[in-house]
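Q: Please take a close look at one part of this model for me, beginning with a single turn between two strands and working outward from there. I would like the details in context, together with the cut-offs behind the terms.

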Amino acid sequence: KDLKGQNLMYRFTIFALVCLFHAHLQSKDVSTLSKTTYIYDKLTEGNHSKTTWTVEEKNQAYHIVGENARIKTRVVISPTMETQSFSCFSKNQTYSISRNGPYLIAKRTRGNVKTEKTFKIGSGLWIQEFDFSFRPFVRSNKQRLVFHIVHPKKFTLHEMIATKIGLEPIQ
């Protein structure tokens, strides 16, 4: 668990980005989408990216594909927005994570180096992709959400806490 080591400003930035994105989606309810496309333009840690996200409901899950100039991401989330599987493909590496009961199975290929790790999270919540999976929390009356995430660069498991700190209008 890496709760103390998390940078508060980083957590706030991620949360603010998620809130901005979800406010943009406020007029659409993800739970009723059949197939919808979004263009998501963001600046994170000084890096600008423009990603096209396609959300499609099939087999009682949401299949989400995000593509930009550098990365292609595929995510499957449950109707409650919990991650079921996640994969990311870029020029330098590919990695995938899937849930198997209380375990997350993570696989990564970077160059010729292959890594596989198994993380036990029990019945804990796994959220790997913030842009869509935080929507139920943002819209709820809950003030706090505890979840697990696999750090994509360090390939380590982290328990995270998202906390609502207030509301502000978007212009």
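A: **A hairpin and its surroundings**

Three residues separate β3 and β4, which together form a hairpin. Everything here comes from a predicted model, in which local features need pLDDT of at least 70 and side-chain atom pairs count only at pLDDT 80 or more, while totals for chains, interfaces and linings use all residues. Residues are numbered from 1 along each chain as its sequence is written, and side-chain values use heavy atoms, with hydrogens and water left out.

A word on the vocabulary first: helices (H or I, at least four residues) and strands (E, at least two) are DSSP runs numbered from the N terminus, and two strands pair if DSSP finds at least two bridges between them.

In our hairpin, β3 and β4 are antiparallel, with six bridges. One residue to look at here is I64, which lies in strand β3 and stands opposite V75 in β4. I64 counts as buried because its relative accessibility is 1%; buried means under 20% relative accessible area, exposed over 50%, and partly exposed in between (1.4 Å probe, protein chains only). Beyond its neighbours within four places in sequence, I64 is in contact (heavy atoms within 4.5 Å) with W53, T54, V55, T73, R74, V75, I77 and F132. T54 from that list lies 10 residues from I64 along the chain, and their C-alpha atoms are separated by 5.6 Å.

Now follow T54 away from the hairpin. T54 in β2 is the bridge partner of T37, and β1 pairs with β2 (residues 47-58) in the antiparallel sense over 10 bridges. The loop between β2 and β3 (61-67) is the place of Q60, a residue with a positive phi of about 55 degrees although it is not a glycine. Q60 counts as exposed because its relative accessibility is 71%.

On the other side of the hairpin, β4 pairs with β5 in the antiparallel sense over seven bridges, and I71 has S90 in β5 as its bridge partner. These two strands also make a hairpin, with five residues between them, where M81 takes a positive phi near 75 degrees.

Stepping back, the strands belong to an open sheet of eight, in the order β1-β2-β3-β4-β5-β6-β7-β8, with antiparallel pairing. Its edge strands, β1 (35-44) and β8 (113-120), each pair on one side only. From one strand to the next, the twist averages 15 degrees; axes are lines fitted to C-alpha atoms, for helices over the stretch in contact, and angles run from 0 to 180 degrees between N-to-C directions.

I64 returns when we turn to the packing. A nonpolar core is a set of buried Ala, Val, Leu, Ile, Met, Phe, Trp, Tyr and Cys residues joined through side-chain atoms within 4.5 Å. The largest one has 21 residues, of which I64, I77, F86, I97, L104 and F132 touch the most other members. Two or more residues of this core come from each of β1, β2, β3, β4 (71-77), β5 (83-90), β6 (93-100) and β7 (103-110). Another core, of nine residues, lies apart from it and includes I127, F130, F147 and M160.

Further along the chain, F155 sits in the loop between β9 (144-150) and β10 (157-163), and its phi is also positive, near 55 degrees, in a residue other than glycine. F155 counts as buried because its relative accessibility is 0%.

For the chain as a whole, there are three helices and 10 strands, and buried residues make up 37% of its 171 residues. The mean pLDDT (the predictor's confidence in each residue, from 0 to 100) is 79, and 80% of the residues reach 70 or more. Please keep one stretch in mind when reading the model: over residues 1-31, pLDDT stays under 50.
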